[in-house]
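Me: I should like to learn how to read the features of a protein model, one at a time. Could we begin as soon as the structure is shown?

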Amino acid sequence: MRREDLVVKYSVYIEYKGRIVIDPFIAQILEKIREKRSLYKTAQNLGIPYSKIWDIIDRVERLTGEKLVERYKGGRGGGASLTSFGEELLKIYNDAKSLLERKLGSLYMSGGAVTRPELIIAHSDDLLINILINNVRNKDVKIQSLCLGSGLSLAMLSIGEVDVACIHLYDPVADSYNDSYLDRFWLKDRVEKIISYWREQVLAFKDQSLIKTDLDEIFRKIFDGELRIGVRNRGSGTRILFEYLLRRYSKILNKDLDKVKGLESEYNTHLETAVAINERKIDLALMPRYAAEKNRLYYKSVAWERYECFMRKEIFNSDVAAKFISEIRDEKIREIIKDLPGYKIE
């Protein structure tokens, strides 16, 4: 075994009154029950005794006082499905796991001790940057990826906690992206730009009738309280752009921002926002076009924004930087985005 190949992973455990009710193993069991709809088939698939699965389910049900799995007759061992409580518990676990992975990424261990990865990248939530990072990981470059949003990513770069920040921050005064924010964080002469492409931002919604409604009318409906919006977390580039649009229409329509329903919301990823639309918790939100299409939402184009990555000059000439940059050259990005909606490169 090579010690340098060891990877430190964090796990999620959810407790009820000090007792664990779901952990990675229990979550795996629940996922399989949902998929197989049978305790017997779940036991077969996971290679564990049927009685052990039932003991685990029974323990959680006794601890919580809630039914986790519904059993019914039919076929060998009978059928089974998750109850609404079982679904809710699994969702809480998966949401917590996703948040942990976004915030921490992977830490690397060498010689039995945790070490700093070769490259730490903080970035806004973006499909293309995730593809590029995974492509570099496949070249055996140890990368820690932190999905923090544009604002926090830039702050982390400024204090030297990360090597690369990938951002899309709009400045309405300068009518440009990113440059003025580099100045605000004293980074202008301390970084090199290594990636630049354009991404389409759209207003996404479930109501098909809004397709024929122009943007002015949609924003009027937002300010009249007819439509509830969802917004990303504070400091994210998408939220900054959406808030700029709301302030602009506030002046055009002579309406107060406090009339807008949903402005207090805060979603950490585009997926979370899209799910909220599909579940009818909100009516619409600003997101990249790919996220709208992937989640089968209707949309109206709002703007093309510049998405860019900046690397600290101290590491720009290092071997790991050369490996990373060689995998993100313009021609490689062009090849990838041919099949991605809402992307383009100059």
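Reply: Let us start with a single residue, Asp163, which sits in the loop between α6 (150-158) and β10 (164-167). Please bear in mind throughout that the model is predicted.

Me: Is Asp163 buried or exposed?

Reply: The idea is to compare the relative accessible area with a cut-off: buried means under 20%. Asp163 has a relative accessible area of 1%, so it is buried.

Me: Which side chain makes a polar contact with the side chain of Asp163?

Reply: One looks for pairs of N or O atoms within 3.5 Å. The side chain of Arg312 is joined to that of Asp163 by a polar contact of 2.7 Å. The backbone also takes part: a polar atom of the Asp163 side chain lies 2.9 Å from the backbone nitrogen of Ile120.

Me: How should I describe the protein as a whole?

Reply: Begin with its elements and its extent. The protein contains 13 helices and 17 strands, and its C-alpha trace spans about 65 × 60 × 40 Å along the principal axes. Of its 346 residues, 47% count as buried.

Me: What share of the contacts joins residues 24 or more positions apart?

Reply: The reading here is of sequence separation among contacts. Taking the contacts in the protein with a separation of 6 or more, 70% are between residues 24 or more positions apart.

Me: What may be said of the surface and of the charges?

Reply: For the surface, one asks how much area is exposed and which atoms supply it. The protein exposes about 17,600 Å², and 48% of that area comes from carbon and sulfur atoms. For the charges, one counts the side chains of each sign and compares the centres of the two sets. There are 59 positive and 53 negative side chains, with the two centres 4 Å apart.

Me: How many disulfides are there, and which residues does a disulfide join?

Reply: The test is a distance between cysteine sulfur atoms, with a cut-off of 2.5 Å. The count is one disulfide. Cys166 and Cys309 are joined, with an S to S distance of 2.1 Å. The angle about the S-S bond is 110°, and the link of Cys166 and Cys309 is right-handed.

Me: Which parts of the chain does the pair tie together?

Reply: Cys166 belongs to strand β10 and Cys309 to strand β16 (residues 298-312), so the link ties together parts that are 143 residues apart in sequence. As for accessibility, Cys166 is buried at 0%, and Cys309 is likewise buried, with a relative accessible area of 0%.

Me: Why is the sulfur of Cys147 not in a bond with the closest cysteine sulfur?

Reply: The closest cysteine sulfur is that of Cys166, and at 11 Å it is too far from the sulfur of Cys147 for a bond. Cys147 itself counts as buried, at 11% relative accessibility.

Me: Which residues other than glycine have a positive phi?

Reply: Here one reads the sign of a backbone angle against the residue type. Asp175 is one case, with a positive phi of about 50° although it is not a glycine. It is found in the loop between β11 (170-171) and β12 (176-177) and is exposed, with a relative accessible area of 56%. Trp186 is another, with phi near 55°.

Me: Where is Trp186, and is it buried or exposed?

Reply: Trp186 lies in the loop between α7 (179-184) and β13 (191-205). At 64% relative accessibility, Trp186 counts as exposed. Its C-alpha is 62 Å from that of Gly79, and the two residues are 107 apart in sequence.

Me: How does one set separation along the chain beside separation in space?

Reply: One states both values for a pair. Tyr267 and Gly230 are 37 residues apart along the chain, and their C-alpha atoms are separated by 7.4 Å. For Glu217 and Tyr181, 36 residues apart along the chain, the C-alpha separation is 32 Å.

Me: What surrounds Tyr267, and where does it lie?

Reply: Tyr267 lies in the loop between α9 (237-253) and α10 (270-278) and is buried, at 17%. Leaving aside residues up to four places away in sequence, it touches several residues, among them Gly230, Arg232, Glu272 and Ile282.

Me: And what of Glu217?

Reply: Glu217 is part of helix α8 (residues 215-223) and counts as partly exposed, at 27% relative accessibility. Its side chain makes a polar contact of 2.6 Å with the side chain of Arg220.

Notes:
Residues numbered from 1 in each chain as written. Predicted model: local features only at pLDDT ≥ 70, side-chain atom pairs only at ≥ 80, totals over all residues. Heavy atoms only, no water. Helix = DSSP H or I, 4+ residues; strand = E, 2+ residues; numbered from the N terminus. Buried < 20%, exposed > 50% of the residue type's maximum accessible area, 1.4 Å probe, protein only. Polar contact = N/O pair within 3.5 Å; in protein donor to acceptor, adjacent residues only side chain to side chain. Contact = heavy atoms within 4.5 Å. Areas by Shrake-Rupley, 256 points an atom, 1.4 Å probe, with all protein chains shown as cover. Lys, Arg positive; Asp, Glu negative; His and termini not counted. Charge placed at Lys NZ, Arg CZ, Asp CG, Glu CD.
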